[in-house]
Amino acid sequence: MKITIVGTGYQGLVVGTCFAENGHQITCVDRDQERIKSLSECRMPIHEPGLEELVTRNLEEERLRFTTNLAEAVTDCLMVFLCVGTPARDDGSLDLNDLLDAVAQIAKAISEYHIIANKSTCPPGTTEAIEQVLRENTDQTCDVVANPDFLKEGSAIDDFMRPDRIVVGCTEVRVREIMKELYSPFLRTGRPFLTMSPRSAEMMKYALNVMLAARISLMNQLADICGAYDADINEVREALGTDSRIGPTFLFPGLGFGGPGLPRDVATCVRLAKDKGLTCDLIEAIYKVNQRRREQFLKMILEYFGDSIAGKRIALWGASFKPRTDDLRGAPALYIIDNLCAAGAKVVVFDPTASAKLLERYSGAIEIAPKYYTALEGADGLVIATEWNEFRRPDYERMGSLMKEKVIFDGRNLYTPKVMESHGFKYFTIGRPAV
Ligand SMILES: NC(=O)c1ccc[n+]([C@@H]2O[C@H](COP(=O)([O-])OP(=O)(O)OC[C@H]3O[C@@H](n4cnc5c(N)ncnc54)[C@H](O)[C@@H]3O)[C@@H](O)[C@H]2O)c1
């Protein structure tokens with residue numbers, strides 16, 4: 001099938017490439033000329049494990065192409081997937097301008113029936129808004145489908161190829177069948193294909209993210225209680241995760257959740273509730289608890305150094321909002337870096353994939369280390385902000401010999417306090433007895 005993907009960012013590039021890998025003829029469109037140029041030359045604008053290999057193969061086999069020409073890209077296909085960014089405004093409402101602009105452009109370009117599937121995360125009612133924009137800009141009949149996406153950066157290809165479920169919000173039986181056929185290669189392991197109303201499909205994405213965010217905020221507060229009573233949140237977590245009603249995922253305490261999705265989706269839910277006069281103080285609390293995590297962690301670092309923070313050389317490992325991505329959007333590390341810099345510290349950051357994005361954001365305001373041990377040279381302290389695997393079992397002796405002062409603020413609970421103590425480190429961790 002010929003499919004056009006509009007928006008070639010973290011989501012659209014993965015979606016388009018995975019459909020191409022399944023034999024479809026894919027055109028990925030983006031208005032960002034630089035992005036399209038580099039993708040056409042097989043240079044990845046983002047880091048996502050396994051993506052480069054798939055893009056290369058599908059470009060070579062001519063199942064995948066990249067263009068900025070939206071009008072030309074949508075004329076000759078049956079399906080258009082919307083993968084355009086939907087950022088939050090300060091009041092928690094979503095800015096759908098880019099999405100609806102893209103829809104207007106599509107409407108003006110097409111002269112045949114199309115199925116428009118919206119994979120961007122949008123509040124309930126957006127499918128109707130898309131239908132309205134189509135009606136205003138074309139006489140052509142189209143069907144609009146809400147098809148929320150659940151992929152996670154860092155394992156996005158695997159998530160797309162082996163989804164837990166496919167959700168399709170659409171009332172037309174014929175369109176549901178086309179969508180089912182399209183996704184059937186990805187559901188061979190028996191995972192469900194769920195159809196529902198567009199509004200339920202749109203809401204499902206928010207429900208999922210709020211549920212996940214709640215687990216993290218709850219674990220973070222339980223970690224605080226553990227820390228205060230000399231209990232160990234890691235031990236509590238392990239036992240908790242064995243309960244079949246709870247399960248082991250999304251129970252890791254730390255600096256809180258970040259990224260482009262989770263914080264925004266919790267804030268959107270709060271906004272949606274307020275707009276209808278509903279009280280949703282539990283969801284509001286998830287958001288507040290999360291914001292407070294990074295503040296508490298920063299406070300711990302600042303209190304340790306006191307007035308002497310100015311001029312201290314602080315190393316920071318891992319800046320992206322989670323491991324295996326270079327995405328800095330909403331990353332707790334940025335809050336820590338910004339505030340350490342504001343306090344006068346000299347911050348040296350090592351991140352396995354986000355150096356280019358850090359340079360773009362900070363220019364000369366921070367130092368970017370080429371290797372993780374290099375960041376420690378002469379450091380007065382180390383902050384661990386993202387749990388990349390390579391940070392899990394470092395050479396503690398080497399770390400100690402490079403650092404000026406052996407103090408670690410571990411925002412991801414990577415090490416065992418007793419081991420760190422035996423290597424002579426002062427080790428600040430989350431929700432575990434202090435050493
Ligand atoms: N990133 C994820 O892991 C993920 C997961 C699930 C859902 N989503 C949702 O997918 C959507 C896209 O997210 P993303 O992370 O890929 O964002 P992104 O910012 O990485 O990519 C969006 C792309 O859309 C392009 N764009 C914007 N307006 C356009 C237009 N009118 N025409 C053509 N291109 C246009 C931008 O240039 C950009 O490259 C969001 O709604 C997000 O919530 C993302």
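**Exercises on a predicted model**

R89 is partly exposed, because its relative accessible area is 40%, where buried means under 20%, exposed over 50% and partly exposed in between (1.4 Å probe, protein chains only). The model is predicted: local features need pLDDT of at least 70, side-chain atom pairs count only at pLDDT 80 or more, and totals for chains, interfaces and linings use all residues. Residues are numbered from 1 along each chain as its sequence is written, and side-chain values use heavy atoms, with hydrogens and water left out.

**Exercise 1.** Describe the shell of residues around the ligand and its polar contacts.

*Solution.*
- Step 1. The ligand is surrounded by 23 residues, with Q11, D30, T86, E153 and R264 the closest; a residue is near a molecule if one of its heavy atoms lies within 4 Å of it.
- Step 2. By class, six of the shell residues are nonpolar, eight polar and nine charged. Ala, Val, Leu, Ile, Met, Phe, Trp, Tyr, Cys and Pro count as nonpolar, Asp, Glu, Lys and Arg as charged, and the others, Gly among them, as polar.
- Step 3. A side-chain N or O atom of D30 is 2.6 Å from a ligand oxygen, and a backbone N or O atom of T121 lies 2.9 Å from an oxygen of the ligand. A polar contact is a pair of N or O atoms within 3.5 Å.
- Step 4. Of the 820 Å² of accessible area that the ligand has on its own, the protein covers 88% (Shrake-Rupley method, 1.4 Å probe).

**Exercise 2.** Determine which parts of the chain the salt bridge between R174 and D143 ties together, and the accessibility of each partner.

*Solution.*
- Step 1. The closest N and O atoms of R174 and D143 are 3.6 Å apart; a salt bridge is a side-chain nitrogen of Lys or Arg within 4 Å of a carboxyl oxygen of Asp or Glu.
- Step 2. R174 belongs to helix α8 (residues 173-183) and D143 to strand β6 (residues 142-146), so the pair ties together parts 31 residues apart in sequence. Helices (H or I, at least four residues) and strands (E, at least two) are DSSP runs, numbered from the N terminus.
- Step 3. R174 is partly exposed at 43% relative accessibility, whereas D143 is buried at 17%.

**Exercise 3.** Carry out the analysis for D224 and R293.

*Solution.*
- Step 1. Their side chains meet in a salt bridge of 3.0 Å, N to O.
- Step 2. D224 lies in helix α9 and R293 in helix α12 (residues 281-305), so parts 69 residues apart in sequence are tied together.
- Step 3. D224 is partly exposed at 34%, and R293 is buried at 5%.

Technical notes: A polar contact is a pair of N or O atoms within 3.5 Å; within protein, one must be able to donate a hydrogen and the other to accept it, and residues adjacent in sequence count only if both atoms are side-chain atoms.
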